[in-house]
Amino acid sequence: MCLILFAQGVHPDFPLIVAANRDEFHARPTAPAAFREDAPTVLAGRDLEAGGSWMGVDRRGRFAAVTNYTEPPPEPMPPRTRGELVMDFLSGDADAGPYLDAVADRAQSYRGFNLLVGDAAGLWYFSNRHEESEHPLRLEPGIYGLSNHLLDTGWPRVNRGKSALSDFERAEAHPDVEALLALLGDTTEPRDEEILAVPDDARGPGAHMPCFITGADYGTRASTVLLQQREGRIRFVEQRWGPSGARHGRTDETFERSAG
């Protein structure tokens with residue numbers, strides 16, 4: 001399970017605010033978020049097993065994030081890794097809409113996914129499991145939540161996170177990274193009535209999960225906050241976690257958006 005909460009075009013000074021958890025098996029090899037020699041303009045963590053990334057930003061302010069769509073493994077297994085979708089956008093030059101149009105053309109080459117791409121000026125969403133729309137969606141300004149079903153599916157962790165982010169937006173003139181990390185760290189288990197409120201076709205394992213998952217073998221591996229200011233400053237903070245929620249290190253980068 002993963003969780004991405006984001007406010008796009010809402011805050012007057014921060015047109016893009018993202019708070020996200022990556023949940024994964026602790027044994028899966030992963031490199032911390034960093035600018036790397038093979039992609040010096042891209043700041044992202046790396047999945048060292050399949051390649052690619054789950055979330056990142058580049059020096060131009062381009063943003064991308066992907067979540068898996070919960071479903072039984074398909075047979076045969078599609079040939080391409082979903083993590084490449086993030087890195088291809090961040091290291092490329094295609095605008096968000098045309099990029100997602102190209103992704104839609106090869107969508108069945110991947111297992112189920114949700115993909116967000118764009119920048120502070122606007123975000124686009126596409127899922128290869130959204131039966132009602134085969135085309136990318138440009139998102140209106142607002143507060144959104146995405147886990148391992150479709151955008152804004154009413155899982156408790158999504159609803160709680162959106163509500164907390166909305167409260168945070170109203171209360172804070174300047175977004176506070178530690179407060180956003182605390183939001184992502186909520187371990188409160190969903191109540192029965194919250195789970196029962198989830199549509200029947202979406203009531204999978206994710207409907208039972210808190211925002212932050214602790215476990216010896218599987219759990220939240222990284223909590224990431226991205227703040228993009230209208231004036232061009234970008235801050236990216238990744239707090240990493242080990243088994244049972246132990247702190248494992250932190251990346252904290254601030255830079256100015258480049259024109260190129």
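Let us start in helix α2, which spans residues 96-105 and holds Tyr99; helices here are DSSP runs of H or I with at least four residues, strands are runs of E with at least two, and both are numbered from the N terminus. The model is predicted, so local features need pLDDT of at least 70 and side-chain atom pairs count only at pLDDT 80 or more, while totals for chains, interfaces and linings use all residues. Residues are numbered from 1 along each chain as its sequence is written, and side-chain values use heavy atoms, with hydrogens and water left out.

Tyr99 has a relative accessibility of 8% and therefore counts as buried (buried means under 20% relative accessible area, exposed over 50%, and partly exposed in between, with a 1.4 Å probe and protein chains only). Setting aside residues up to four places away in sequence, Tyr99 touches Glu84, Leu85, Asp88, Phe89, Ala94, Arg106, Leu115 and Val117, where contact means heavy atoms within 4.5 Å. With one of these, Leu85, there is also a polar link: the Tyr99 side chain reaches the backbone oxygen of Leu85 at 2.8 Å. A polar contact of this kind is a pair of N or O atoms within 3.5 Å; within protein, one must be able to donate a hydrogen and the other to accept it, and residues adjacent in sequence count only if both atoms are side-chain atoms. Asp88 lies eleven residues from Tyr99 in sequence, and their C-alpha atoms are 9.3 Å apart.

Now widen the view to the whole helix. The buried residues of α2 are Ala96, Gly97, Tyr99, Leu100 and Val103. They cover an arc of only 160° around the axis, which means that they sit on the same side of α2; the arc is that of the directions from the helix axis to the C-beta atoms. An α-helix has 3.6 residues a turn, so residues three or four places apart point the same way. The cover over the buried residues of α2 includes α1 (83-91), β7 (113-119) and β8 (122-127).

Helix α4 (residues 177-184) can be read in a similar manner. Here Val177, Leu180, Leu181, Leu183 and Leu184 are buried. Because these buried residues fall within an arc of 155° when seen down the axis of α4, they line one face of the helix. At the N-terminal end, Asp176 acts as a cap on α4, with a side-chain oxygen 3.2 Å from the backbone nitrogen of Glu178.

Further along is helix α5 (residues 192-196), home to Glu194. Is this glutamate buried or exposed? Glu194 is buried, with a relative accessible area of 15%. A polar atom of its side chain lies 2.8 Å from the backbone nitrogen of Arg191. Leaving out residues up to four places away in sequence, Glu194 touches Pro156 and Arg160.

Next come the empty spaces. Rolling a probe the size of a water molecule over the atoms shows where empty space is left. On a 1 Å grid over the protein atoms alone, a cavity is a set of points where a 1.4 Å probe fits but cannot get out, whereas a pocket is an open set with protein on both sides within 12 Å along at least five of seven lines; lining residues have an atom within 4 Å of a point. Grid points are joined across faces, edges and corners, and a volume is the space filled by probe spheres set on the points.

The largest pocket holds about 730 Å³ of space. Of its 31 lining residues, Glu24, Arg28, Asn68, Arg82 and Arg111 are the closest to its centre. Strand β2 gives the most to this lining, with four residues. The lining of the pocket divides into twelve nonpolar, ten polar and nine charged residues (Ala, Val, Leu, Ile, Met, Phe, Trp, Tyr, Cys and Pro count as nonpolar, Asp, Glu, Lys and Arg as charged, and the others, Gly among them, as polar). Glu24 itself is in strand β2 and, at 15% relative accessibility, counts as buried. Glu24 touches Asp217, Tyr218, Gly219 and Arg221, not counting residues up to four places away in sequence.

The largest cavity has a volume of about 70 Å³. Its lining includes Cys2, Trp54, Met55 and Thr224. Thr224 belongs to strand β11 (residues 218-228) and is buried at 3% relative accessibility.
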